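Here are my notes on the model you sent over. I've kept them to numbered points so you can check each one against the structure.

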Amino acid sequence: MWVKVYGASVQGLSAIPVTIEVNASRGIKFFLVGLPDNAVKESHERIVAAIENSGYRFPSKQFVVNMAPADIRKEGAGYDLPLAIGVLATDEKVKTDRLAHTMLLGELSLDGSLQPVKGALPIAIKARELGFEHLIVPEQNVREAAVVNQLKVYGARHISQVIHFLNGEGGLMPTEIDTRAEFYAQQTDFDFDFADVKGQEHVKRALEVAAAGGHNVIMIGPPGSGKSMMAKRLSSILPPLSLSESLETTQIHSVAGKLAKESSLIAQRPFRSPHHTISQIALVGGGTNPQPGEVSLAHNGVLFCDELPEFSRSVLEVLRQPLEDRQINISRAKYSVTYPCSFMFVASMNPCPCGY
């Protein structure tokens, strides 16, 4: 028997649909093709344990699983759920009626519970764009994905809930969020508020001018004079995020896996303060599996470099192009991605190495 299930892969800030084809025949082997990485290859053991610990029997058949398009590398454990559903569908434990209209995403624990994954928001946007009716994600990611309207998003705790839903036996209810109401309600709830600062009038005036014009700032003063304290509160006097800026910022944090559990849109401008030992790749992004760097995580917000002279020269040099172009182009042998990085750069330093 042959079954099609749908998942997605994240590249840069966008998602690419992945069609998972499962074919069952006589035999006992499990073949996984379509350029999977080690995390995807290891899914077989997780799927077997999750299915059997959920009260079902893993079929004694030979499976050939193809993940198309085959020329794109499949990374991460987010394919566990669609793979498991595909295997059960070939054994007729899951009805195939809803599979053509449903996109699945989730990592499986050995007991069948679902673990959160990265990139739920861009995947939800792509699912709506492609005309899918349903998107099933782990419960921890449901609020993040549910900000996308015209798509029914379901949060599942366990694979058995997904099976019952696909068989038409209930088990899941779509999550609905009043995105605008939540967004505007959270905009003025700051952890560090500029209004808390007493005194420091000349610094306040300088930061107000910088915030009004979007200028970069460097603060020079001895330890304990309030440089870091003022920088942390700068986000609270910047203009509030618009909905489109918030969606873009949330996408970046979703892809990087930096969103808090059960959070929806980011309503406040981000503040990032990397340590001075940071590497070039961690600052601007990239790596073996492309990830946004600190400059992109600070998009539409503030990037604060405390103790500026302690940063290595090579790290500071790579900030030139992002500051000018407001985006970073990362090209490697296996990929080429572009991340936005329109941020306000704030730095602080002591007047001399001794600090005083």
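The points below go through cysteines, salt bridges, a strand pair and a surface patch.

1. First, a reminder that this is a predicted model. Please read every number here in that light.

2. On the cysteines: if you were hoping for a disulfide, a search of the whole structure turns up zero. Cys-305 is in no disulfide, and the nearest cysteine sulfur belongs to Cys-341, 13 Å away. The cut-off for calling a disulfide is a pair of sulfur atoms within 2.5 Å. Seen from the other end, Cys-341 is in no disulfide either, with the sulfur of Cys-305 as its nearest, at 13 Å.

3. Are those two cysteines buried or exposed? Cys-305 is buried, with a relative accessible area of 1%. Cys-341 is buried as well, at 0%.

4. Now the charged side chains. The count comes to 11 salt bridges, and a few are worth a look one by one. Begin with Glu-129 and Lys-126, whose closest N and O atoms are 3.2 Å apart. Both sit in helix H4 (residues 120-129), and because they are three residues apart there, about one helical turn separates them. The two ends have unlike surroundings: Glu-129 is exposed, with a relative accessible area of 58%, whereas Lys-126 is buried at 16%.

5. The salt bridge between Glu-182 and Arg-143 has its closest N and O atoms 2.6 Å apart. Glu-182 belongs to helix H7 (residues 179-186) and Arg-143 to helix H5 (residues 142-145), so this pair ties together parts that lie 39 residues apart in sequence. Both partners fall into the partly exposed class: Glu-182 has 23% relative accessibility, and Arg-143 has 25%.

6. What does Glu-294 form a salt bridge with? The partner is Arg-272, and the closest N and O atoms are 2.8 Å apart. This pair also links distant parts of the chain, since Glu-294 is in helix H12 (residues 294-297) while Arg-272 is in strand E11 (residues 271-272), 22 residues away. Glu-294 and Arg-272 are both buried.

7. Some salt bridges share partners. Through such sharing, Lys-61, Asp-91 and Lys-93 are joined into one network. When you colour the charged residues, show these three together.

8. Next, strand E10 (residues 217-220). Which of its residues are on the covered face? Val-217 and Met-219 are, while Ile-218 and Ile-220 make up the uncovered face. E10 pairs with strand E17 (residues 344-349) in the parallel sense, over four bridges. One position to find on screen is Val-217, which stands opposite Val-346 of E17.

9. Last, the surface. Phe-31, Val-33 and Val-64 form a nonpolar patch there, and together they have about 210 Å² of accessible area. Phe-31 is part of strand E3 (residues 30-33). With 35% relative accessibility, Phe-31 counts as partly exposed. Patch members need over 30% relative accessible area, so Phe-31 at 35% clears that cut-off.

How values were computed: Residues are numbered from 1 along each chain as its sequence is written. This is a predicted model: local features need pLDDT of at least 70, side-chain atom pairs count only at pLDDT 80 or more; totals for chains, interfaces and linings use all residues. Side-chain values use heavy atoms; hydrogens and water are left out. Patches are made of residues with over 30% relative accessible area and no salt bridge: like charges are joined within 9 Å, nonpolar side chains (Val, Leu, Ile, Met, Phe, Trp, Tyr) within 5 Å. Accessible areas come from the Shrake-Rupley method with a 1.4 Å probe; for residues, only the protein chains shown count as cover. A salt bridge is a side-chain nitrogen of Lys or Arg within 4 Å of a carboxyl oxygen of Asp or Glu. Helices (H or I, at least four residues) and strands (E, at least two) are DSSP runs, numbered from the N terminus. Buried means under 20% relative accessible area, exposed over 50%, partly exposed in between (1.4 Å probe, protein chains only). Two strands pair if DSSP finds at least two bridges between them.
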